[in-house]
Amino acid sequence: MKPLEYHAPTSLDEAISILKAEGSQAAALSGGTDLIIQNRARPLDLAHMVDIKRIPELNVLEYDAKNGLRLGAAVPCYKVAEYEPIVRLYPALAEGAELIGSIQIQSRATVGGNICNGSPAADTICALIVLSAICAIRGPDGNRDVPAVDFMVGPGETALKPGEILVEMRLPPPPAQSSNAYLRFIPRNEMDIAVVCAAANITMDDKGVTCTAATVAIGAVGPTPILVQAAGAVLTGAKLDAAAIAKAAKAASAAARPIDDHRGTVEFRTHVAGVLTRRTVELAAQRIKEDAK
Amino acid sequence: MAAHTYNQVGKPIPRIDNASKLAGQAIFAEDLQPAGKMLHGLVLRSPHPHARIRSIDTARAEALPGVRAIVTAQDLPDRLVGRYLADERALATDTVRFVGDRVAAVAADTREVAQEALGLIDVDYEQLPAVMDAFDALEDIAPLLHPRMAEYEVVAMAAPAGGNICSLNELSRGDPEKAFAQADRVFEEVYTTGMVHQAYLEPHACLGIHNPDGSFTVHSSTQAPFQLRGMIADALAVSHNRVRLVPTEIGGGFGGKISMQDEVAALALARKSGYPVRIVMTRREDFLCGTPRAGFHIAIKTGVSNDAKLIARTLDILLDGGAYAHGGVLVSWALPNFAEGPYNIPHLRITARCVYTNKPPSSAFRAPGGPQVNFAIESEMERIAAEMGWDAVDFRRNNLMPDGHVSTSGATMDCVMAPETLDAALALSGYKTDQTRPAPNRGRGLAVGNWNVGGMASAAVVKLNDDGSATLLTGVVDLTGVHTALAQIVAEVLDLAMDQVTVKTLDTESAPHATIAAGSQVLKSMGDAALRATEHVREQLFALAVEPLDAPPSRMELHQGDVRVKGAPGRSVPVTNLLGRAMATSGPVVGQGATGNYKRMPSFGTHVADVEVDPDTGQVQLTGYWASQDVGIAVNPVAVEGQIHGAIVQGIGMTLSEEMIFHDDRLANANFLDYKIPSVLDVPPIETVLVEQPAVDGPFGAKGIGEPPIVPVPAAIANAIFHAVGVRVTSLPITPEKLRKAIRAKA
């Protein structure tokens, strides 16, 4: 095993220059709750860890009604789960953040790290997708934006190119009469990895009867999280009743492309993707009703 | 509740080891750091479930700087060892039989160098067909995993039966076949259970030292110092006194720390390198090489009469013993003794077969075999009652074994508390047979469990210090807080305060022989030895007091540091004076006590579980749990309740989520991410009631309690699920996937 050099740059440019110079021997370290474990279990041939937690741009957490939410990539999950505008307006994201590991883990783990790890079972990615998050990336060649839905490109692989850093996620302000939810299925009650997960974001008309916009994403049922466009399509413009929701659930099951492994079979995961889709849509709709009161 | 008035016994006294553990001062094997240089050892383990070793080349590894020694079977005597059947080697010679089997070991200056060296050892394997299923092992065409089994020495209990059957054990009474023919109804079902790991907090660890005089010292995190010492000495072909086994603090065992692990490898490395060698298993190694609870296949057939009597039963039990005959053989031997359940069945036959497979050797785990068999028995009781239209509680009550019941083994059972625990659990939980489905998808289940505890011999020494305080010298380790109970016994007899009693665990060269810390037997076995040793001390004090008190010992009692004449408080003499007299005459006061192997004691418990099932996903949420347990007299009620809670949590794990999963002949979940023990959120509020009735032979009437409370857990939960959704999953664990499938099949 090689000795590891630890870097703790305080500026983005410094971090990017180290990552660029060291190439595949360097990795950006956020909370480390995935990276350090992986490097221990199956050495990744790393010689450099670049701790990005001291970079101010990665610690931004702010919301305003005009621009929406800015979430720095190094903000720990416990802050995300407790931040009042997130709890109120982006509950799906809070629900994902507060499910990651234990309270201790949530003090270290970050949403940025969660999605940079590239796992299709990541607990925050479905929420980011349905909330139309934009991932702001900075690299040696400057800035670029990638929609959350395109951020993961394969198991353990992301859109980040060598030397690039995820700086922040930008979530547009939610429209009126909208809400969202995230659920995951695990065989126990906490401290686990999703067998299947799903998020839904719903907007209703003023009367609260017809769905005017809907987005559904499912995770752990394919090499990358899946934006279920067919589910959004059947709900959009429909009266949000059991029949419509059942159609959306069916569409989610149809879109799932899971594998068989010791965590679940194809049949079970496909089925549960539908169950969770139904429940997240119902939960989001319920929240809209409660907000209207 | 039995009335008793003691000063220490029966009191909820905090564990005497709390402070050292809370302060982080307790020394575990991984903490050991001998003076001077110590090497880090690692073991090269088979990557194949079954293979022949053609050759081992260590040259490249030896050339690595920092490597101090490499050992293979060539560094050890040609010895087969085993607790029950001598069928394994400390390091493999020509055959490996499971992924994790020890092939070679390396000692190096650092763990990192040792790790690198493992990768440089070239082993040429010829892979052999693997047998991963107990039924496959029985096939005529199955490869024989131990072709020379007939030549193996039977050390104890094992009854090898040819093929891959390393033990076949059967007991019966009456004529079950004839009785089935006469029964009004006969029920048959098959239940299976998964292989589950003890999931203790501390992985196996040891430190081996080769002493200048050629003897060996080994520190190990073990439940069985004397048994393990014997096996190590046998493997090294030295007499037992040449191996000093020092038991360390133990971070959980649950039966998983009885077998030999890397101790001999560490000692061989120490001998070869000249330095102490410490080997600490990783969690992955511990999952691969631990000694889990055997998976069971249980065919159960029951004949009943129309008046709700159990007439006949046969149980045909197949145990997945894994690669070597560890405790699997013990379980196979014990099964016919306890698998009759808490019931009196006139015609009964229990057959247990333990078979070799290419999996980790299975062994003891908290009530080995108990919860598996009870899952079958108590699921059947509920199913039969439902199908016959009987009240399931009345059906049980109608058939519970009476006090004085003669078990299948011929032993008379004393203190049978089955009906009492049933009544106590009904009262505690408010269980009513017509209210087992309080709402859709909610259910309530009940199970009565039985277990036989104890059996092994111990000796102990109690010495009085010159101020009258006492030290108990024992060779048993403290897994459960039982040393606190032992201190309570010593304090009770000598009328001392708790802080005037020390319990000292000594190594195998210093302590008299002790039972293993398993089988719920320390309190009875070592407790009796400690009680007798303390009584021996008291006897000596009374003899010393005859002259100053001018009274016979029969009229004396100990009272707060004095020996006094009963009924005459004025006539007393301080113990310190007596000790002064002793020094001048007979010498220091040292008491010794011992107990031989003794009859196992039956223990009972009735548990009630409440569940809520999510029918869409098959997920089970426990919403309440009630347990009554037969404990004799609880020497330390808070410790007893702790054992009950812990057993229930482990029972929940094996019922709902825990299983060692083998894919492509490999363990797929050798970590705590995928081996799913319950978290605190998976455990419902637990209420307990201790059913106290002094046990005939227990010290102060105590019975062992560590194991029995896990026995009824799977069946109680399975019965609750049955009432919630009307389906029965007959294989453990009852995963969401299995339960959903069953719900769908019904719909």
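**Two chains and their salt bridges**

Trainee: How many residue pairs are in polar contact between chain A and chain B?

Mentor: There are 18 residue pairs in polar contact between the two chains, counting pairs where both are at pLDDT 80 or more. A polar contact is a pair of N or O atoms within 3.5 Å; within protein, one must be able to donate a hydrogen and the other to accept it, and residues adjacent in sequence count only if both atoms are side-chain atoms.

Trainee: Anything I should know before we go on?

Mentor: This is a predicted model, where local features need pLDDT of at least 70 and side-chain atom pairs count only at pLDDT 80 or more, while totals for chains, interfaces and linings use all residues. Residues are numbered from 1 along each chain as its sequence is written, chains are lettered from A and ligands numbered from 1 in the order in which they are written, and side-chain values use heavy atoms, leaving out hydrogens and water.

Trainee: Got it. How many salt bridges are there between chain A and chain B?

Mentor: Seven salt bridges run between chain A and chain B. The term covers a side-chain nitrogen of Lys or Arg within 4 Å of a carboxyl oxygen of Asp or Glu. One joins Arg740(B) to Glu267(A), at 3.3 Å from N to O.

Trainee: Which helix gives the largest share of the side of chain A that touches chain B?

Mentor: Helix H11 (residues 266-292) of chain A does, with six residues. Helices (H or I, at least four residues) and strands (E, at least two) are DSSP runs, numbered from the N terminus.

Trainee: And how much area do the chains bury between them?

Mentor: Chain A and chain B bury about 2,000 Å², with 48% of it on carbon and sulfur atoms. That is the accessible area (1.4 Å probe) that two parts lose on being put together, summed over both. On the chain A side, Arg188(A), Asn189(A) and His262(A) lose the most area to chain B, together 33% of what that side buries.

Trainee: New topic: is Glu692(B) buried or exposed?

Mentor: Glu692(B) is buried, yet it has no salt bridge. Buried means under 20% relative accessible area, exposed over 50%, and partly exposed in between (1.4 Å probe, protein chains only). The nearest side chain of opposite charge, Lys11(B), is 11 Å away; Lys and Arg count as positive and Asp and Glu as negative, with His and the chain ends not counted.

Trainee: So what does the side chain of Glu692(B) reach?

Mentor: The backbone nitrogen of Ala634(B), at 2.7 Å. Glu692(B) itself lies in strand E28 (residues 686-692) of chain B.

Trainee: Back to salt bridges. How many are there over all chains?

Mentor: The count comes to 55 over all chains. Take Arg185(B) and Glu387(B), whose closest N and O atoms are 3.4 Å apart. Arg185(B) is in strand E8 (residues 185-192) and Glu387(B) in helix H10 (residues 370-388) of chain B, so the pair links distant parts of the chain, 202 residues apart.

Trainee: How exposed are those two?

Mentor: Arg185(B) is partly exposed at 33% relative accessibility, and Glu387(B) is partly exposed at 44%.

Trainee: What about the salt bridge of Asp414(B)?

Mentor: Asp414(B) pairs with Lys599(B), with the closest N and O atoms 3.1 Å apart. These two residues are 185 residues apart, in distant parts of the chain. Salt bridges that share partners also join Glu62(A), Arg70(A), Asp145(A), Glu168(A) and Arg170(A) into one network.
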